Amino acid sequence: MGAIDIARYADAWLADMQPHLPAIMIDGAKGVGKTHSAQRIARTIIRLDQEGVRTNLAANYERLYSETPPVLLDEWQHLPEVWDRVRRMVDDHIAPGSILLTGSIQSEDPTLHSGAGRIVRMRMRPLSLAERIGRPALVTLADCLQKKIPDKIDGVSPFHFEDYMQEIIRSGFPSIYQASEKSREFLLDSYLENITSREFTTQGIRIKQPGKLLDWMRAYAAATATTTSYSKMLDAATAGEDDKPAKETTIAYREALRSLWLIDDLPLWGEGEDFIGRLKQTPKHYLADPALEARLLDLSLRNLITGTVRTAHDPEYGSIAGRLFESLCIMSLRTYAAAVNARVGYLRTGSGAHEVDFIAQKNQAIVAIEIKLAAAITDADVKHLNWFEDQVGDRVAEKIILYTGERAYRRPTDHVLVIPAALFG
């Protein structure tokens, strides 16, 4: 059986925007599907991870003007000079729809122009829940931001608790998602091993002890959906060891993982929103795919379903299943928000008394979302959403709880939408 062709939000965005923009950069971790989406619309493909192709292009950049557009420059970071060449092409007023670039590494080269105002960047993430399910969502973030959701809503989700746990383990990297269950752990292990043995080298960082890096990544995975400090992560990664890596080493680890698009922390929302008071300033930690988090923590589907979870890195953070479910939802929500160009973040007051898991904002309209690993929702579950609306007022277009229950409905008392995560898109 061949691979299933999965429709992506990125495909729709590219189809809509590519004809109007001279150059688009598609960012994202290796394996998220950047090349597959780009080559759907490209008419010329130049694969810069092949040495002969790089050599030929470097000898004659002028051919970029004569190739049939759209021209896809795949894995451009293997020939960094091509970035400035494309920037100059935009300055030369090339036609809209001319150039696509894909890259799995954020360049740290200070000599390269940022591309601001010339090259539009789109971040591609692993498969969201809506992309995996492959049918129209009952409720969309776009409609919520425009206040288009009716007062009365009703729907039943095909997903149950076990299905969400399966999606965490299954991975959103398309090739791993479509692989057999028997091979999936090996593929995830291979992905992680490739990061430590090969990809770091391309960043100019020599890893003397790959095992130390993996321990740090495990501590990062254990801190999923928390604001734990990096120093605490380091302590967890090196518990009982006298010879701990220097702070500069762990910073290098973190920045290299970020440059490979493998760290996907959620920023603080609320800059300039001084009516709320002092806010927590630390970003909320997530890796690119909850399957990587689960694999680093050696968690199986059975572990998540039965709650039999024991990890040396997770003594105090609460339910790992709940936080991995949050990771799956946040990854999906960021994909939906990117599709409508909404700004995103989370909110937590400095005292910790109030928190909202996810806030999307566009043109002053705000959608506030809480995520609960629960089959039923209580008044206690919506108190932070209602507090937030009291602070922000009618800018809040919708208040939403995403949960693992079956039924979609609107609470009559406070108008909170309660939506199974599988029905949101």
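A salt bridge, as the term is used on this tour, is a side-chain nitrogen of Lys or Arg within 4 Å of a carboxyl oxygen of Asp or Glu. By that criterion the structure, which is a predicted model, holds 29 salt bridges, and the stops below visit some of them before turning to a residue in strand 1.

**First stop: helix 5**

Select Arg87 and Asp84, whose side chains meet in a salt bridge with an N to O distance of 3.3 Å. Both residues belong to helix 5, which covers residues 81–91, and they sit 3 residues apart, or about one turn of the helix. If you switch on a surface display here, keep in mind that Arg87 and Asp84 are both buried.

**Second stop: Lys284 and strand 8**

Now select Glu355 and Lys284, where the side chains form a salt bridge at 2.8 Å, again from N to O. This pair links distant parts of the chain, since Glu355 is in strand 8 (residues 355–362) while Lys284 is in the loop between helix 13 (247–259) and helix 14 (290–296), 71 residues apart. Glu355 counts as buried because its relative accessibility is 17%, which falls under the 20% cut-off, and Lys284 counts as buried because its value is 1%.

Keep Lys284 selected and add Asp357, with which Lys284 forms another salt bridge, the closest N and O atoms being 3.3 Å apart. Here too the pair links distant parts of the chain, with Lys284 in the loop between helix 13 and helix 14 and Asp357 in strand 8, 73 residues apart. Asp357 has a relative accessibility of 7%, so this residue also counts as buried.

To see the wider arrangement, extend the selection to Glu326 and Arg348: salt bridges that share partners join these two residues with Lys284, Glu355 and Asp357 into one network.

**Third stop: Ile24 in strand 1**

Move on to Ile24, which lies in strand 1, a run of residues 23–27. Is Ile24 buried or exposed? Its relative accessible area is 0%, and therefore Ile24 is buried.

What is Ile24 in contact with, once its neighbours within four places in sequence are left aside? Select Trp13, Leu14, Met17 and Gln18, then Ile99, Leu100 and Leu101, and lastly Ile119 and Val120, to show these contacts around Ile24. For a final distance, pick the C-alpha atoms of Ile24 and Arg118, which are separated by 8.8 Å although the two residues are 94 residues apart along the chain.

Terms used
Residues numbered from 1 in each chain as written. Predicted model: local features only at pLDDT ≥ 70, side-chain atom pairs only at ≥ 80, totals over all residues. Heavy atoms only, no water. Helix = DSSP H or I, 4+ residues; strand = E, 2+ residues; numbered from the N terminus. Buried < 20%, exposed > 50% of the residue type's maximum accessible area, 1.4 Å probe, protein only. Contact = heavy atoms within 4.5 Å.
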